[in-house]
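Got the viewer open? Keep the selection box handy and follow along, one stop at a time.

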Amino acid sequence: MGRVSDDGESGGLRRSLRVRDLMVYGLLFIAPMAPVGVFGVLDAKSHGAVAAVYLVATAAMGLTAVSYAEMVRAVPRTGSVFAYARAGLGEGPGFVAGWMVLLDYLLIPAVAYLFSGIALHSLVPGVSRWAWTVLAVLVTTVLNLVGVRLAARVGFAVLAVEIAVLAVFVVAATVVLAQDGAQRGWATPFTAVGGFSPTAVISAVSVAVLSYLGFDAIATFVEEAVGASAAVARAVLWCLALAGVLFVLQTYLAAVLEPDTPQQLAADPAGQGSAFYDTVETGVGHWLHVLVAASKAVGAAFAALAGQAAAGRLLFAMGREGRLPRALAVVEGRTAVPRRALLTAAVITLAAAGWAASRDDGLDRLTSVVNVGALTAFALLHASVIGWYTLQRHSPHRLRHLVVPLVGIAVIVAVLVEASPTAQLVGMGWLAAGLLVLAFQGSAVGGGASL
């Protein structure tokens, strides 16, 4: 085994991922049918304007994708927002950005593993959801350790199945709507039921952004991408755009098939989590319910695979820069993967997922906090674009390098304000812990770690 070199080439991470592979990782992490689990919540919150919620959320995350594309071209190094904030803002903000996004890179896979365990338990009740959850962690960890190319190939097959199931849903829903008509008004997924409320839509966007978290993980593979920064920048933008189209399409169809009103869903919180499945069963049939549930179970496990890989590479990058133990910066020679960092991420994620799987309220507790860390890091990403292009260097594209990041920061602040109190509390606690680590390291890193 050898420690990665500074250029990420000799003795380090191996360039083997093409744009298609990068998009597979991004779409796996996001999951093409990510809205399934939160459809009922969003429908109730937005008064039925769930497709409008995803249009707004896609635009908001699109600003972040543009900033990612800008910084990955400027700083083509593994570490994603950690590397970009270091370059644009300095050592301290860089560490904070990496620390905050790490919270989500560790918890989002835990949520996905737990969802996989719950879905598989519903299909095979004889095996506990805890056992299914642990099995999902073990299988995907082995795939990640074997090598990034094999994981990408298996992931591509799983993604193809997910997209095929989504296509079946779209065709079946379209046929039913053509034959029987819509349960609600055709325009209500955009205009709401009983009157459009901008406040309600923005409140729902604070939940909907959970569906997109993970597209940014593509940037963590820049040192393993054929074509490096240019390929990663294209993959980030294309992945986000494709996910937005899929999310708007499926939530529109589900909303016009939904027999219950948003008010009825709002009055039945327990039924919101299964609203998509219930709509499919009522509108199309039990066979499609089973197909969607099975696809979601497998897809969630491989979304976690992509998330675990991204978390491992972030730990690797922070270890390489001395911000976490340098033992995490070792690359295994035969497979060219950061094995210690991956195993560390797997252990932490397994602990979180296993704990949540043993509790009735585990899923609710995890999903309430998974977006605040990434959103905070995204705000620092936007600030790093301003720092790199506008403050440090002459920028010929002032609109793109100043106005777009400022609008992106404003949108993120608005979404964070609407986040749950639990998420805000956990986010502040994690930030405080990171600042303590940063202060402790200050004298050990050349005196340059202060904010």
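Start by selecting alanine 192, which is in the loop between H8 and helix H9 (198-208). Keep in mind that this is a predicted model. Check the backbone torsion here: phi of alanine 192 is near 80°, a positive value in a residue other than glycine. Most residues other than glycine have a negative phi. Is alanine 192 buried or partly exposed? At 6% relative accessibility, alanine 192 counts as buried, because the cut-off for that label is under 20%.

Next, pick histidine 47, in the loop between H2 and helix H3 (50-74). Histidine 47 also has a positive phi, near 60°, and is not a glycine. Its relative accessibility is 30%, so histidine 47 counts as partly exposed.

**Zooming out**

Now show the whole chain as a cartoon. You should find 19 helices and two strands. Of the 451 residues, 58% count as buried. Switch on a surface and the chain exposes about 16700 Å², with carbon and sulfur atoms supplying 67% of that. If you like contact maps, here's one number: among contacts between residues at least 6 apart in sequence, 82% join residues at least 24 apart.

**The salt bridges**

How many salt bridges does the structure hold? There are two.

For one of them, select aspartate 43 and arginine 184 and show their side chains, which meet at 2.7 Å, N to O. Where does each partner sit? Aspartate 43 belongs to helix H2 (residues 39-45), while arginine 184 is in the loop between helix H7 (148-180) and helix H8 (188-191). The pair links distant parts of the chain, with the two positions 141 residues apart in sequence. Aspartate 43 and arginine 184 are both buried.

Then jump to arginine 86 and glutamate 91, whose side chains form a salt bridge at 3.0 Å, N to O. Arginine 86 is partly exposed, at 22% relative accessible area, and glutamate 91 is partly exposed too, at 27%.

**Helix H4 and what follows**

Stay in this region and color helix H4, residues 81-89. Seven of its nine residues are buried, so H4 is largely enclosed by the rest of the structure. To see them, select Val81, Phe82, Ala83, Tyr84, Ala85, Ala87 and Gly88. Just after H4 comes glycine 90, with a positive phi of about 120°.

**Two stops inside helices**

Go to serine 116 in helix H5 (residues 91-123). With a relative accessible area of 1%, serine 116 is buried. What is serine 116 in contact with, once neighbours within four places in sequence are left aside? The partners are Ala136, Ala297, Ala300 and Ala301.

Now try phenylalanine 302, in helix H14 (residues 286-320). Phenylalanine 302 counts as buried, at 10% relative accessibility. Not counting residues up to four places away in sequence, phenylalanine 302 touches Leu28, Leu143, Val154, Gly155 and Val158. Draw a C-alpha to C-alpha distance from phenylalanine 302 to phenylalanine 29: the two are 7.3 Å apart in space, yet 273 residues apart in sequence.

**Helix pairs**

Two packed helices are described by the angle between their axes and the distance between the axes.

With H14 still in view, add helix H13 (residues 275-283): H13 and H14 pack at about 150°, with their axes 7 Å apart. That makes H13 roughly antiparallel to H14, because angles over 145 degrees get that label. On the H13 side, select Tyr277, Val280 and Glu281; on the H14 side, His286, Leu288, His289, Val292, Ala293 and Lys296. By class, this contact has five nonpolar, two polar and two charged residues.

For the last stop, select helix H6 (residues 129-146) and helix H15 (residues 339-357), whose axes come within 10 Å and cross at roughly 170°. H6 is therefore roughly antiparallel to H15. Which residues make the contact? From H6, show Arg129, Trp130, Thr133, Val134, Val137, Thr141, Asn144 and Leu145. From H15, show Arg339, Leu342, Leu343, Ala346, Leu350, Ala353, Gly354, Ala356 and Ala357. Color them by class and you get 11 nonpolar, four polar and two charged.

Key
Residues numbered from 1 in each chain as written. Predicted model: local features only at pLDDT ≥ 70, side-chain atom pairs only at ≥ 80, totals over all residues. Heavy atoms only, no water. Axes fitted to C-alpha atoms, helices over the stretch in contact; angles between N-to-C directions. Helix = DSSP H or I, 4+ residues; strand = E, 2+ residues; numbered from the N terminus. Parallel < 35°, antiparallel > 145°, perpendicular 65-115°, else oblique. Contact = heavy atoms within 4.5 Å. Nonpolar A, V, L, I, M, F, W, Y, C, P; charged D, E, K, R; others polar. Buried < 20%, exposed > 50% of the residue type's maximum accessible area, 1.4 Å probe, protein only. Areas by Shrake-Rupley, 256 points an atom, 1.4 Å probe, with all protein chains shown as cover. Salt bridge = Lys/Arg side-chain N within 4 Å of Asp/Glu carboxyl O.
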